[in-house]
Structure formats: C-alpha cells, structure tokens
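Me: Could you take a close look at one part of this model for me, the aromatic pairs and the strands around them? I'd like one connected walk-through rather than a list.

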Amino acid sequence: MKNRVATHTLIAGCAALLAAFAAVADKPPQTWDGLELTKKKGIDLVYVRPNVQFKAYKSVAIDGLEVAFDKNWDPNDSVRSSSRRMTTEDIQKIREDMAGEFRKVFVEELGKGGYTVVEQPNDDTLRVSPGLADVFINAPDRMEPGRITTYTTDAGRMTLVMELRDGPTNQLLARVIDQKVGTQTGFAQVTNSVTNSAEFRRMVRAWAQRLVKGLDKLNGKAG
C-alpha cells in the first residue's frame, strides 16, 4: 500500500497471524491483499475477497486483540506529580484490560445471536482477528485516592481493523476498518477510568452487533 495509506503490523504471538492495522487518508486503495473495496453503510471501509462463496458460519473463533496507541498519545502530558504518572506497566495493564473487555463483549453479543465462540475452528467456524489502532484515551485514570477530577467532552477514539477468515482453510475473506469516537455531549464532563471503560464497551458492542448482523445475513436470519 502506497502514498495515502499507512499500515502498521503487530505480531499477536507465536501462534497468531500478523494482524494489519491501517490509518487511511482521503483515498484508500481499491484493492488490498486480493480484497476489493466494497461500500457498506455504517462502516468506514470494508474489503471483501471477490468471487468467494461465503459459508453459513455457526461458530466464531476470536484471536487475541492487539492494541496500538496513537503515536501522539501521551498519558502523562498534563500530569505534574511524579506519583500520578502512568508507568509502562500501567499502560500494559490498559492493553490487557481492553483485550479482556473486547473479548467479553464479543462473546456476549455472539451468544445472544446464537453463535458459539470456540477455541479451535470447526468446519462452520469464522475466524476473527481484531486489532485496535490509533487508540487515544482522554484522561486515563489510575483510580488512586485523592485523584484530580478531569473534565473532557469525550472519552477518546480508536480504529478497529478486523480480519475475517474461513476457519478450516484460514483463507482471508474480508477486512474491516472503522473508527469510533467517544460520545460527544458538547459540554465538559467528568472523565475517568470508569467512564472510559463504559465508552469502550459501548463502541465495542456496536462492532460486535455488526458482526452478528453479518452472520445472520449469511445464515438467512436477517430481517
């Protein structure tokens, strides 16, 4: 991918695939890794493999979530006290918490839709490889006693880059890119780890529900 599309790859682990993360500018490419750009209402970018016969998937395998923070994100930017500064361990804990909540929400929404989440792909399994790029959290909070109250107009933003593969063959079927921004009220409100977590779950739930709708369509269940 050239010029207007910058991609970042992260290794999910020795048993996981290379997940592609992209920040897309004005004109995304029409093709990407054999996939073609397709218009889908409500999603920024969807790439789909042409002339592929999608199965009626009944189960889903979810790879571990990779998290890449925005290059300009500095959680200690306005923190004066050294005791309140976030450490590398604190930031890693945020990654782990996001990965745990992401999977929890997806498992919950898929279960509501009648889809089983499995560890090993079956013949009817769709493999989902999710990543979050350009994650920017406004006012991250360590939840310490006596912490300073922070007000912002939204919790932050993040971009989902999700690959969908056929479970048995591992063939790449589609790639989804979609940015979400925290709820903007137009006025300053308290922002902390509790409100940030609630906003994160809201955004992830919207993505999970879109996946369920897509599976329903493949299975002839869509209304």
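Reply: Start with strand E4 (residues 35-38), which pairs with E5 in the antiparallel sense over 3 bridges. One thing to keep in mind throughout is that this is a predicted model. Within that pairing, Thr 38 has Val 46 in E5 as its bridge partner. E4 and E5 make a hairpin, with 6 residues between them. Look at Gly 42 in the turn: its phi is positive, about 90°.

E5 has another neighbour as well. It pairs with strand E12 (residues 172-181), again in the antiparallel sense, this time over 4 bridges. Here Tyr 47 is the residue to follow, since Arg 175 in E12 stands opposite it.

Now for the rings. Tyr 47 pairs with Trp 32: the ring centres are 5.4 Å apart and the planes sit at 90°, which is over the 60 degrees needed, so this is an edge-to-face pair. In the chain, the two come from distant parts: Trp 32 belongs to strand E3 (residues 31-32) and Tyr 47 to E5 (residues 45-48), 15 residues apart. Both Trp 32 and Tyr 47 are buried.

Arg 175 comes back into the picture at this point. Besides standing opposite Tyr 47, Arg 175 lies over the face of Trp 32, at 4.2 Å from the ring centre. That ties the three residues together: Trp 32 and Tyr 47 meet edge-to-face, and Arg 175 sits over the Trp 32 ring.

The structure holds 3 aromatic pairs, and another of them is Phe 69 with Trp 73. Their ring centres are 4.4 Å apart and their planes at 20°, under the 30 degrees cut-off, so the pair counts as stacked. Phe 69 and Trp 73 are both buried too.

As for the setting, the protein chain has 2 helices and 13 strands. Of its 223 residues, 41% are buried. Take the contacts between residues at least 6 apart in sequence: 70% of them join residues at least 24 apart. On the outside, the chain exposes about 12,600 Å², with carbon and sulfur atoms supplying 49% of that area.

Note on methods
Residues are numbered from 1 along each chain as its sequence is written. This is a predicted model: local features need pLDDT of at least 70, side-chain atom pairs count only at pLDDT 80 or more; totals for chains, interfaces and linings use all residues. Side-chain values use heavy atoms; hydrogens and water are left out. Rings of Phe, Tyr and Trp (its six-membered ring) pair if their centres lie within 6.5 Å; planes under 30 degrees apart count as stacked, over 60 as edge-to-face and the rest as tilted. Buried means under 20% relative accessible area, exposed over 50%, partly exposed in between (1.4 Å probe, protein chains only). A charge sits over a ring if NZ of Lys or CZ of Arg is within 6 Å of the ring centre and within 35 degrees of the ring normal. Contact means heavy atoms within 4.5 Å. Accessible areas come from the Shrake-Rupley method with a 1.4 Å probe; for residues, only the protein chains shown count as cover. Two strands pair if DSSP finds at least two bridges between them.
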